[in-house]
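Please open the model in a viewer and keep the selection panel at hand. The stops below proceed from a loop to a helix pair, a ligand and two backbone details.

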Amino acid sequence: MARAKLLVVDDDRNLLEIIKMRLESMDYEVTAIRDEEAARQAVATQVFDLAVIDLQLANQDGISLMEEIHLMSPDLPAIILTAHGSIESAVEAMKRGAYTYLTKPFDARELSLHVDRALENRRLSSEVNRLKGLLAERYDFKNIVARSDKMRQVLETVARIAGMDSTVHIHGESGTGKELIARAIHLASPRQDKAFVAINCAALPENLLESELFGHEKGAFTGAIRSSRGLFAQAHQGSIFLDEIGDMSPSLQVKLLRVLQERQFYPVGSEKPLSVDVRVIVATNRNLAEMVRQDQFREDLFYRIHVIPIELPALRERREDIPLLADYFLKKLSTQMNKKIKGLSPAAMQRLMLHDWPGNVRELENTLEYAVAMTVQDVITEDLILPGKAGTIEEGLQPLTEARDAFEKGYLVRLLEMSHGNISSAATMAGRYRPDLYALLKKHGLNPGDFKK
Ligand SMILES: Nc1ncnc2c1ncn2[C@@H]1O[C@H](COP(=O)(O)OP(=O)(O)OP(=O)(O)O)[C@@H](O)[C@H]1O
Ligand SMILES: [Mg+2]
């Protein structure tokens with residue numbers, strides 16, 4: 001790929017020189033300019049990939065220069081440099097179209113992180129439109145239930161980034177669907193016909209994990225009676241999913257870093273490096289940034305894998321997905337178990353809506369599996385839902401306000417479900433006036449349109 005071209009505008013000669021040097025050392029082509037007029041000239045005559053503009057220039061403020069630049073080159077991402085404490089201008093800059101801002105003083109790493117992200121994002125957004133259309137047709141994520149805004153955003157990100165080779169970092173509590181999303185990324189990518197290889201880094205002791213990942217030569221250790229290819233080699237031209245990456249030992253972290261940087265690795269007991277072309281997707285339910293702060297996870301590796309972060313929300317933060325997920329699992333499970341099930345009784349659904357779901361979607365699936373297996377009727381009743389669990393002390397007591405809010409949201413979701421998003425009938429069922437109901441829906445971020453049949 002050609003080197004990215006950056007425009008830097010700052011009237012402070014020293015700072016301009018420092019930024020230029022730093023960016024050049026990151027292998028970017030840099031045009032450094034002190035005066036606004038020359039900057040306008042440059043944008044009119046050359047194509048840049050990114051602009052870095054100081055907030056306070058000699059004759060004009062940086063935000064209005066950015067706006068003028070955007071008139072000529074609307075897609076050019078701009079990073080605005082703001083002085084310490086001027087958060088208002090930073091917000092203003094973002095509102096008026098800056099990609100992001102950087103507060104002075106900043107160090108080389110912050111600069112490189114923001115610049116890399118902005119450039120990545122630019123590559124992304126030019127890919128967005130092409131991919132969006134393409135993917136919407138080719139891949140509709142039909143095995144992924146997503147009604148909540150949060151989950152829809154996740155799927156949108158998946159669609160946008162599937163076509164790229166950048167590393168993806170999926171973070172979410174256990175059972176939120178990390179592996180499901182990792183597979184979806186692979187299946188929506190041009191690598192879809194090649195292997196998707198998954199491994200749980202927490203499940204194996206260090207030396208076994210190493211030879212699983214990188215393979216080994218015959219005789220590399222006791223028991224290595226023949227050489228093995230390892231998962232990275234198996235995933236060549238496909239994707240590899242490293243689950244529970246936070247549990248990887250420090251020495252393996254170093255080796256992984258090397259693969260990510262150089263796309264090369266040494267099988268255990270071998271002197272000859274192997275080259276691979278793999279899309280790496282990692283996941284964890286731990287807070288890696290925090291682990292970095294506590295020196296339990298390498299900072300350089302963190303930045304390598306954190307290129308595209310995807311945050312999977314806990315099920316309790318998106319209760320509006322519960323009825324849809326329940327339907328989906330009921331259909332799937334009753335087919336599997338060859339049972340005719342019409343649905344859940346209202347009280348059974350109520351239990352699902354009120355539970356806290358520490359085990360997230362997986363726990364919901366297991367709950368329904370038990371219910372479908374046990375039921376002798378075609379409607380599942382509440383006694384089969386979380387027996388001995390719902391509403392007991394086991395779940396711990398929430399503060400009253402939280403409990404009331406959770407109940408209210410659950411109630412509203414049910415209401416919209418039953419009225420298929422029709423506000424008049426929902427208001428009648430709830431015995432409320434429509435404006436009251438609207439206010440409540442707004443409070444909980446619910447959109448009746450999402451519940452239309
Ligand atoms: N949005 C969803 N739609 C349909 N099924 C889902 C959804 N999210 C999760 N599931 C299902 O829930 C189960 C758990 O998902 P998955 O294994 O991907 O979670 P995970 O985050 O990797 O969990 P763990 O941390 O326990 O490894 C799977 O059977 C998966 O298919
Ligand atoms: Mg998993």
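Which residues does T381 touch, not counting residues up to four places away in sequence? Select T381: the residues touched are S345 and A348, where contact means heavy atoms within 4.5 Å. T381 sits in the loop between β14 (379-380) and α16 (400-418); helices (H or I, at least four residues) and strands (E, at least two) are DSSP runs, numbered from the N terminus. Add H216 to the selection: its C-alpha atom is separated by 54 Å from that of T381, and the two residues are 165 residues apart along the chain.

Before continuing, note that this is a predicted model, in which local features need pLDDT of at least 70 and side-chain atom pairs count only at pLDDT 80 or more, while totals for chains, interfaces and linings use all residues. Residues are numbered from 1 along each chain as its sequence is written, chains are lettered from A and ligands numbered from 1 in the order in which they are written, and side-chain values use heavy atoms, with hydrogens and water left out.

Next, select residues 149-161 (helix α6) and 178-187 (helix α7). Two packed helices are described by the angle between their axes and the distance between the axes. Here the angle is about 35° and the axes are 9 Å apart; axes are lines fitted to C-alpha atoms, for helices over the stretch in contact, and angles run from 0 to 180 degrees between N-to-C directions. Show side chains at the interface: V154, L155, V158 and I161 of α6 meet I181, A184 and I185 of α7. By class, this contact has seven nonpolar, no polar and no charged residues; Ala, Val, Leu, Ile, Met, Phe, Trp, Tyr, Cys and Pro count as nonpolar, Asp, Glu, Lys and Arg as charged, and the others, Gly among them, as polar.

Now select ligand 1. A nitrogen atom of ligand 1 is 2.9 Å from a polar backbone atom of V145. Oxygen atoms of the ligand also take part: one is 3.1 Å from a polar backbone atom of G177, and a backbone N or O atom of L180 lies 3.0 Å from an oxygen atom. The protein buries 86% of the 630 Å² that ligand 1 exposes when taken alone, with accessible areas from the Shrake-Rupley method and a 1.4 Å probe.

Finally, inspect the backbone. Most residues other than glycine have a negative phi, and most peptide bonds are trans. The peptide bond from K104 to P105 is cis, with omega near -5°. W357, in the loop between α14 (346-354) and α15 (360-374), has a positive phi near 50°.

Conventions: Polar contact = N/O pair within 3.5 Å; in protein donor to acceptor, adjacent residues only side chain to side chain.
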